[in-house]
Amino acid sequence: MTKLVQLVFSGVAIGALYGLVALGFVVIYRASHVVNFAHGSFLLLGTYLTYGFHQEIGIAFFPALGLAALAAGAAGLVVERLALRRMVGQPVFAVIMMTIGLAVVIDALVVWKWGAGRLSVGDPWGVSAFRLGGDAGIRVAAVDVARLVAAGAVLAAYALFCRFTALGITMRATASDQEAAVASGIDVGRVHAVCWAIAAAVGTVAGVLLASGPRGIDPTLSAVALAAFPALVLGGVDSPAGAVVGGIMLGLVEVLAAGYLPGLLPGRLGANVHTVVPYLVLLGVLLLRPSGMFGDREQARL
Amino acid sequence: MSASRSDPSPVPPLLLVRDLAVSYGGAPVLQGVTVEVDTGSVAAVVGANGAGKTTLLRAISGVLGFHRGRIVGGSVEFAGQVLRPSSNGGAEAAGRVRRGIALVMEGGRVFPGLTVDENLRSGAPGRRHRERSDAARARVLDLFPALVPLGHTPAGRLSGGERQMLAIGRALMSSPRLLLLDEPFLGLAPKLVEQLQEFLRTVKVGGTAVVIAEQSAEAAFAVADRAFVLAEGTVAASGRAPDIARRDIGRLYLPGPRPSSTATASTATAADAAAVPQERVALLEVAGLSLRFGPVTALDGLTMQVAEAEIVAVIGPNGAGKTSVLNCVNQLYRPSAGSVRLAGTELTGLRPWEVARLGIARTFQQPALVAHLDVVGNLLVGRHRLMTGGLLGHALRLRRWRREESTHRCRCEEIVDLLGLGRFRGRPAGQLAHGIQKVVELGRALAMEARLILLDEPSAGMSPEETDQLARGILDLRAHRDVAVLMVEHRVGLVGRLADRVIVLDHGRLVAAGPTAGTLADPEVERVYLGRPAGPQPEAAR
């Protein structure tokens with residue numbers, strides 16, 4: 001029982017992070033129908049920037065994280081303005097190829113500046129843990145608590161932003177019908193830029209939380225974006241709520257599979273099967289609901 | 001000397017479209033179009049479908065880029081300045097809204113996922129000026145009181161007419177100096193048409209210029225000062241609206257004849273009258289039909305019937321639940337209660353495609369065609385239920401299947417000719433003008449060889465000529481194939497001409513029903529729906 005509770009807790013915590021990563025994809029996809037393959041690289045850049053501000057320059061951890069999120073957001077803004085804006089009206093496929101090119105460039109720049117070795121992001125919680133309910137109680141890693149709190153805060157902030165601010169409403173309007181948005185006087189270019197900035201900033205928070213705790217930073221962190229991909233597809237690529245639920249589902253399945261299956265299945269199969277399970281779930285969901293659990297099923301009033 | 005110095009230079013028009021030429025991917029759509037609109041005046045742009053009305057509005061508002069359209073000649077000047085088309089895919093339209101040009105696109109294009117309030121807010125630029133946007137919102141709600149209780153309703157839940165109001169309201173949020181309306185009267189009940197006309201007369205006095213692109217020229221001419229008749233991409237005639245209306249070209253746009261019979265239906269026995277006459281066999285039987293969306297009741301215990309080969313029209317104000325009846329019949333909506341039977345077979349609980357297989361075809365307010373297929377291809381889609389060959393047979397193109405396909409193609413070509421679609425035969429449906437798409441949809445319903453056809457506002461967005469053609473097509477069809485038709489329609493002229501019986505809804509309930517002529521002349525119906533004081537109507541001009 002204790003094991004189950006522990007696994008569920010850390011599954012939800014890692015899942016919330018996947019959701020946060022997926023949210024970055026969703027924000028850009030909704031605005032411009034582009035799947036941004038450079039998202040993992042923005043996440044990487046933001047995380048290394050945090051490292052730079054904190055470990056190299058010596059700014060305290062949280063202000064350094066905030067600064068890095070701002071800087072990554074600014075980078076997103078610039079990239080959108082210089083590269084993506086010129087692609088408006090071009091085939092979506094060309095734009096997606098461009099994001100892949102961007103990913104390669106950003107990854108290379110990061111390695112050039114910080115090298116390929118593993119670094120510590122210098123988070124205050126590290127590998128510390130505590131037990132709830134005495135010595136035999138549930139072991140809770142501090143990093144999991146940090147992940148849950150941060151993911152919850154960012155997701156709530158995003159939801160409130162979309163619901164109540166004028167900019168949030170214009171973002172949703174643009175996502176819904178670009179031509180009608182433009183005809184209503186909404187500057188769609190500006191909305192796109194804001195979305196890229198939000199995605200990069202959210203990605204920074206997600207990246208730092210992933211790198212904190214036992215993992216540390218290295219350039220393979222950008223591949224985590226791909227690990228969050230099933231979450232994206234599960235939830236529906238255009239649904240922020242779906243991204244969160246998909247992420248948590250993915251995290252739970254992954255952690256529970258890693259916790260229980262090795263004991264149930266023999267040898268090498270048991271040791272490795274947990275990496276496959278999320279994709280099995282993904283296949284199942286897609287067979288039943290091709291646009292994801294919360295995806296827009298081309299809803300139209302007839 | 002001082003008196004003669006101020007030589008009055010003529011005031012330039014607010015909008016000057018000069019020799020405009022527009023093409024979509026190389027295909028010319030407008031050529032040498034010149035249109036002038038003065039401050040505080042209303043201009044009507046009329047013409048058949050495909051004449052280029054929508055394209056003209058797109059060029060003025062700057063959304064051409066969204067449709068791969070390009071200005072290839074001439075210019076658009078607003079308030080004395082040439083509007084420069086920028087290159088980034090149509091985004092320049094946002095800048096034009098801030099300069100005072102607002103476009104209402106056809107078909108009530110609202111943001112379905114946003115609430116009514118959010119839709120309105122999204123239309124207010126300079127969002128920092130909260131008071132100004134609140135004032136604009138108050139003016140809009142004053143104009144369309146029907147939107148007031150819907151503030152927190154997602155726009156996707158609105159009826160066609162309510163959407164149209166919201167789309168117009170959203171454009172007004174920017175307090176435009178030039179208001180471009182693409183088919184604003186489409187789908188509005190006569191009462192609302194009059195309200196909107198009244199409003200246009202008011203904004204005009206306030207100095208706003210208005211351009212209305214309309215098929216139903218009668219509604220546009222009622223408020224227009226000047227009129228421009230477009231035909232195949234050029235201005236065929238222009239001048240003072242009353243003059244144009246009187247000339248030959250105007251004759252095509254005048255309303256159809258009103259029914260002359262004055263037999264009165266008793267509203268007290270509306271429920272009885274909603275049933276088919278005793279000597280006829282009921283094909284469609286709707287009993288106790290209710291539909292609720294959360295707290296909203298769209299239909300409330302509706303009972304009605306349609307006999308074989310009968311044409312029944314459902315009329316009523318916007319939001320009365322007319323489209324919901326159609327959606328419940330073909331099971332796009334799951335009714336909350338009640339039954340729907342086709343020739344004795346219960347339809348509730350079936351999937352929409354199963355209903356289609358039983359022989360119910362329908363068309364939509366917004367045409368729902370396969371955009372990349374050509375006209376004949378779309379009609380062939382309608383014949384899917386009649387095709388017997390399996391996937392493998394068709395893939396291998398066995399002789400038998402080839403013969404079957406050519407039979408189906410022949411039938412589709414017949415329909416193309418019947419509806420006068422020959423000119424558009426090979427064009428992808430997505431490229432056709434709105435009204436033509438609606439004709440293609442009707443064609444698809446015909447191709448299905450259905451026993452019952454559901455038509456949702458078949459004449460919306462069509463010129464009177466096309467409506468006439470459509471009406472003849474429907475009557476022909478009934479005469480030769482015993483098809484029954486259940487239609488939602490606002491044009492009283494068309495209802496009077498086509499329908500055997502009329503069913504009047506208000507707030508999801510049956511208000512009146514009975515033989516067409518008598519029911520339309522019923523004073524209660526006039527009050528609820530037509531918005532005119534009860535009493536004899538002057539015969540409309542022919």
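A residue counts as buried here if 20 or more other C-beta atoms lie within 10 Å of its own. Keep that cut-off in mind, and keep in mind too that this is a predicted model.

**Chain B overall**

By that yardstick, 51% of the 542 residues of chain B are buried. Its secondary structure runs to 21 helices and 20 strands. If you look at the contacts in chain B with a separation of 6 or more, 72% of them link residues 24 or more positions apart.

For a single spot to click on, try L418(B), which sits in helix α16 (residues 399-418) of chain B. Is L418(B) buried, exposed or partly exposed? It has 16 C-beta neighbours inside 10 Å, so it goes down as partly exposed. R472(B) is 54 residues away from L418(B) along the chain, yet their C-alpha atoms are 9.5 Å apart.

**Two helix pairs in chain A**

Two packed helices are described by the angle between their axes and the distance between the axes. Here are two pairs from chain A in those terms:

| Pair | Angle | Axis distance | Crossing |
|---|---|---|---|
| α2(A) (residues 39-56) and α4(A) (residues 92-114) | about 20 degrees | 8 Å | left-handed |
| α11(A) (residues 240-264) and α13(A) (residues 277-288) | roughly 135 degrees | within 9 Å | right-handed |

Start with α2(A) and α4(A), which pack at about 20 degrees. Angles under 35 degrees count as roughly parallel, so that is the label for α2(A) and α4(A). On the α2(A) side the contact is made by G40(A), S41(A), F42(A), L44(A), L45(A) and Y48(A). From α4(A) come L102(A), A103(A), I106(A), D107(A), V110(A) and W114(A). Sorted by class, the residues of this contact are nine nonpolar, two polar and one charged.

A bit more on α2(A) itself: 15 of its 18 residues are buried, so "mostly covered" is a fair description by the 20-neighbour cut-off. Its length checks out as well, because 18 residues at 1.5 Å each should span 26 Å and the end C-alpha atoms are 25 Å apart. Just past α2(A), G58(A) takes a positive phi of about 95 degrees.

Now for α11(A) and α13(A). Their axes cross at roughly 135 degrees, and the two helices are therefore oblique to each other. Which residues make the contact? L250(A), V253(A), E254(A) and A257(A) do so from α11(A), with V277(A), P278(A) and V281(A) on α13(A). By class, this contact has six nonpolar residues, one charged and no polar ones.

Conventions:
Residues numbered from 1 in each chain as written. Chains lettered and ligands numbered in written order. Predicted model: local features only at pLDDT ≥ 70, side-chain atom pairs only at ≥ 80, totals over all residues. Helix = DSSP H or I, 4+ residues; strand = E, 2+ residues; numbered from the N terminus. Buried ≥ 20, exposed ≤ 12 C-beta atoms within 10 Å, placed from the backbone. Contact = placed C-beta atoms within 7 Å. Axes fitted to C-alpha atoms, helices over the stretch in contact; angles between N-to-C directions. Parallel < 35°, antiparallel > 145°, perpendicular 65-115°, else oblique. Left-handed = near helix turned anticlockwise from the far one by under 90°. Nonpolar A, V, L, I, M, F, W, Y, C, P; charged D, E, K, R; others polar. Expected span 1.5 Å × (residues − 1).
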